Amino acid sequence: MIKSNLTEQLFIVFMIVLGIMIISLGLILPNMLIPIYETNVYNYLRQPLSFLQNEEDIKGNTINTEVAYLYISTNGTVSISDNFDEIIDTDIINSLDSTLDLNQENGKFKYKRNTYYYVTSISNGKIRIAITSDGYVSSMRRSILVIIFEVVGITFVIVSFFILVWSNNLVNRIKKIKDKIDNMNNEDYSHVADTRYCDELYTLDRAVQDMHLYLMEQEEYKNQMYQNISHDFKTPITVMKSYIEACEDGIQTKDETLKVIKEQLKKLEIKVHSLLYLNKLNYLREQRDRLNEQYDISLIIYAAVDKFKMSRPDVEFVLDIDKKSTVFRGSADMWEAIIDNILNNFLRYAKKKIKITVKNNKITLYNDGETIDENVLNNIFTPYEKGVKGVFGLGLSIVQKTLHFLHYEIKIENVKNGVKFTIYE
């Protein structure tokens, strides 16, 4: 595992890049430029030959002391410039035919481990030869490399400066984001994103800020829900306690007290069951194999109607069920929770009629109660969200969470003379 921080890693990258540049410019580039150097050498040697027309010009050469000249007359006499032995050993004259290819206009040869370049000019049987060592090539190579290194070095320093400034700013921004993440649960910490930039880090910064706000909202929601649950549980307990005390004081009869206690215990049992079911849904999210289950929901609907119509004999239940569209994803307990919670909600508001329709892979539930205020509709699935007539409780939240787990949607809308719930894919 690399334990260095970003600044150290950037420094290492710079050193690697610098090493690659030195290798490229110091070794690879010079070898690639050799043909260019040699072409310049041949041009450099060729130009003075036009001024050296005879033996006297060769011997008295003062044009360039770095170039040696040979003059071979038509009778084979060889004349050399005064600086010939300074450039190359005069013994080479005895092996000109084997060392130089006089039929070529230019070329190079090795002599005593040194490299030499030459240019020939033949006119009327007279041969003029200009020879120089590789010192010119080396000098040209050094000059070009110095220029290249100077230009590239200055460019590298300038670019490195800007990259270091940019990277330092980048590292500081990352540190600030990390600081925000470390203080994610701190309500007093400022999570305002830096709006000077519009890049991926800004997007990440905004995501961290949004996450912080979401966590704060969830924390507030959790605290509010705990308060609502505590109040919801406390009410039946308070009622039972007051009836027991009244019974002990002789104000209430024992039978009446037991009846109230049973009613309140039933309410507590329903609330506890709802909370346990919500926790069960969170557990089931990890068990996706439950999505492979299928169930005929008409069985649940008939059983639910038989159960609930006893509570409201004044309400008419109308069923319109297509037997070809009754199989849905999910288990019996899941659909029982969905249908029971919706009908339990309907019984509180329905006047005279509840209708359930199952067709075309959709479930529609209608009641002729009062329409729901639009402000209430927006939060109707929130646990313990207070509505116009009190607390919704956990029922509709259980319905939505269960349906989402099964990949179904639910829509609630006000219609003429009532409210309609639609379950669909």
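The following exchange concerns a predicted model and asks how some of its descriptions are reached.

Me: Why is W335 called buried?
Reply: The relative accessible area of W335 is 0%, and buried means under 20%, so W335 is buried.

Me: How do you know whether F328 is buried or exposed?
Reply: F328 has 2% relative accessibility; since the limit for buried is under 20%, F328 therefore counts as buried.

Me: What makes F328 and W335 an aromatic pair, and which kind of pair is it?
Reply: Their ring centres lie 5.6 Å apart, where a pair requires centres within 6.5 Å, and the angle between the planes is 65 degrees, where over 60 counts as edge-to-face; F328 and W335 therefore form an edge-to-face pair. By this rule the count comes to eight aromatic pairs.

Me: Which residues does W335 contact, leaving aside its neighbours within four places in sequence?
Reply: Among them are F328, R329, I363, Y408 and I423. Two of these partners, R329 and Y408, are also related to one another, R329 lying over the face of Y408 at 4.4 Å from the ring centre, a distance to be set against the limit of 6 Å.

Me: Where does W335 stand in the largest nonpolar core, and which helix gives the largest share of that core?
Reply: The largest nonpolar core has 44 residues, and W335 is one of those with the most contacts inside it; helix 9 (residues 332-349) supplies the largest share, nine residues. Apart from this core lies another, of 17 residues, including I87 and Y118.

Technical notes
Residues are numbered from 1 along each chain as its sequence is written. This is a predicted model: local features need pLDDT of at least 70, side-chain atom pairs count only at pLDDT 80 or more; totals for chains, interfaces and linings use all residues. Side-chain values use heavy atoms; hydrogens and water are left out. A nonpolar core is a set of buried Ala, Val, Leu, Ile, Met, Phe, Trp, Tyr and Cys residues joined through side-chain atoms within 4.5 Å. Buried means under 20% relative accessible area, exposed over 50%, partly exposed in between (1.4 Å probe, protein chains only). Helices (H or I, at least four residues) and strands (E, at least two) are DSSP runs, numbered from the N terminus. Contact means heavy atoms within 4.5 Å. Rings of Phe, Tyr and Trp (its six-membered ring) pair if their centres lie within 6.5 Å; planes under 30 degrees apart count as stacked, over 60 as edge-to-face and the rest as tilted. A charge sits over a ring if NZ of Lys or CZ of Arg is within 6 Å of the ring centre and within 35 degrees of the ring normal.
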